[in-house]
Amino acid sequence: MGKKGQPAAPETVEDPTDDEEEREVDAPLPPEAASKILEALDWQVCVMPSTRQRYFYSKTRRQARVQPPYHSILGLEDTFSHHPSWIDRDVAWDMHGAATSIMSRKQSLQNHPPASTLPEGSTSVGLDLCLFVPVASRTWASALLVLDLEGAMSSQHLQTRALTDFESCSEYEEEAKRSLTESSWDYIAGGESDTMQRNLDAFKSFALRPRILQDVSCISTDCSIFGKRCATPIYLSSLAKGCLVSKGGEATFVRAAARCRTRFIVPSISSVPLRDVWAASESCDLAFQFYLLGDEVSSIERLHEAIALGASAIVVTVDANAPRKGALFRATAGATGVFPSPRLSWSRLAELKAMLPRGMPMYLKGVQTAEDALKAVAADVAGIIVSNHGGRVCGDSMAALHCLEDVASALRAAGVLGKIELYFDSGVRSGRDALKALCLGATAVGIGRPYYWAAACHEEDGIVALLQMLTSELQHAMAQIGTSTLHELSPDSLCHVVPAPSRL
Ligand SMILES: Cc1cc2nc3c(=O)[nH]c(=O)nc-3n(C[C@H](O)[C@H](O)[C@H](O)COP(=O)(O)O)c2cc1C
């Protein structure tokens, strides 16, 4: 990014004091210690007891560094590695561009005007976000940088819509887009645009058939999801990189799901250690999503870790193991740095199943055809999730809801619907969407991006509010079609919508 010399690796020091308490010293902490930004990014400002030298410490990264974590503050983790003494006008301006794009999303980094457009001799660059970075003083540089960003962030937070103001998934989406960094937003939104659009449109190809004069004074959404009693048939799917939207990562999602008495599937690629995810759960009987990754040994170790922690169900994702390259890969799987193994097959699946403790149910996530659903029945799995990964892996594929229609019909015709548990995700954005999938035969439906949007807006409370909103929409729609319990739902409550002929 800078123009002078080669970037140096960030200056790091060995974790000087492993014990939290040892870092507590009597000397007053430097002003940056009060920074909410550093705190949010898990950087503590400490003082070494012997030398009184200030240093920055991150517990989750297990890293201590003398230089301020600019790269982290600016969301440029791993890519910004300048030594502070190199910070000159050009670098400051580049940082300003990064910060502006992160805070306002109004301009991309590429559109940021070059440093040469600055007035000659200026040492400060002051526009909407002023980053005044004196070349000589590290402390001032970091303090001012943090203060400026903090001001920008808090004014942005003041504008965040109140929790009670959200009335639809698209409102959460809009607000999340405003508050997330561009790279986080792109990672979450990423996917094959045609499949993603088809996923959403498919819900419009079914209409509800309202029924009248049924007693719907007492609507129950009680159900069982992956073997556990739940109060709503809407659960939180497994999504990688939870820390992008919540400081507590997956632990936040565990708590939100528990508050709504529903399930959260813990992803293999969790952003906080599995033991911390489990620590957030009172019952510990979490469902764990398993990827057989390219590094098979460590993925199996992770599976054993989840089982040892008390996992009550294993969900094997089977739709993302085709190797891919290009921009979409970089924005999705590539961003996680881990890749599902292309060697997973029906016979390997049987080996995996045999590896599980007796009675531990296995589910397949990503089934999209009737043939594979029947093979899953033959493989004796407890259930399947009809899903196309939210349109993230295969372009030109069927809408997930239409796959569900095919799969449920095939299972019904074979007389096994009800013997194998059937779940669905990909494209659910309202309680009525959920109802349509339930009518087609799903026991429960998962949501993905919507709860990431809600967490980005209001953390755990945002997810709880979203689940409550979707469940109450579902209850209202159930009343409209004259049903009081989920068991009564059937395809009879739906009809296909034929597109109206357009005038020539
Ligand atoms: C950002 C993101 C990350 C995801 N990571 C995983 C993952 O690690 N494992 C997995 O099985 N599915 C993953 N998925 C797919 C979701 O579990 C789910 O199938 C999908 O999000 C549902 O579609 P929706 O986002 O339209 O609701 C991911 C989806 C998104 C959007």
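## Salt bridges, ligand shell and cores

Asp461 has a relative accessibility of 38%, so Asp461 counts as partly exposed (buried means under 20% relative accessible area, exposed over 50%, partly exposed in between, with a 1.4 Å probe and protein chains only). The model is predicted, so local features need pLDDT of at least 70 and side-chain atom pairs count only at pLDDT 80 or more, while totals for chains, interfaces and linings use all residues. Residues are numbered from 1 along each chain as its sequence is written, and side-chain values use heavy atoms, leaving out hydrogens and water.

Let us stay with Asp461 for a moment. Its side chain meets that of Arg259 in a salt bridge (a side-chain nitrogen of Lys or Arg within 4 Å of a carboxyl oxygen of Asp or Glu). This pair links distant parts of the chain, with Arg259 in helix α8 and Asp461 in helix α17 (helices are DSSP runs of H or I with at least four residues, strands runs of E with at least two, numbered from the N terminus). Arg259 is partly exposed at 47%, whereas Glu460, at 17%, counts as buried. Arg255, Arg259, Glu460 and Asp461 are linked in a network of salt bridges. The whole structure holds nine salt bridges, and three of them are set out here.

| Salt bridge | Closest N to O | Separation in sequence |
|---|---|---|
| Arg259 and Asp461 | 3.0 Å | 202 residues |
| Glu460 and Arg259 | 2.9 Å | 201 residues |
| Lys228 and Asp285 | 3.1 Å | 57 residues |

Now to the ligand. Of the 22 residues around the ligand, Ser238, Thr317, Asp425, Arg429 and Gly448 come nearest (a residue is near if one of its heavy atoms lies within 4 Å). The shell divides into seven nonpolar, ten polar and five charged residues, and α6 (182-189) and α17 (449-480) each supply at least two of its residues. A polar backbone atom of Ser238 is 2.6 Å from an oxygen atom of the ligand, and a polar side-chain atom of His389 lies 3.2 Å from a ligand nitrogen atom. Taken alone the ligand exposes 600 Å², of which the protein buries 99%.

Finally, the interior. The largest nonpolar core has 113 residues, and Phe226, Phe288 and Tyr451 are among those with the most contacts inside it (a core is a set of buried Ala, Val, Leu, Ile, Met, Phe, Trp, Tyr and Cys residues joined through side-chain atoms within 4.5 Å). Helix α17 gives the largest share of this core, 17 residues.

Conventions
Polar contact = N/O pair within 3.5 Å; in protein donor to acceptor, adjacent residues only side chain to side chain. Areas by Shrake-Rupley, 256 points an atom, 1.4 Å probe, with all protein chains shown as cover. Nonpolar A, V, L, I, M, F, W, Y, C, P; charged D, E, K, R; others polar.
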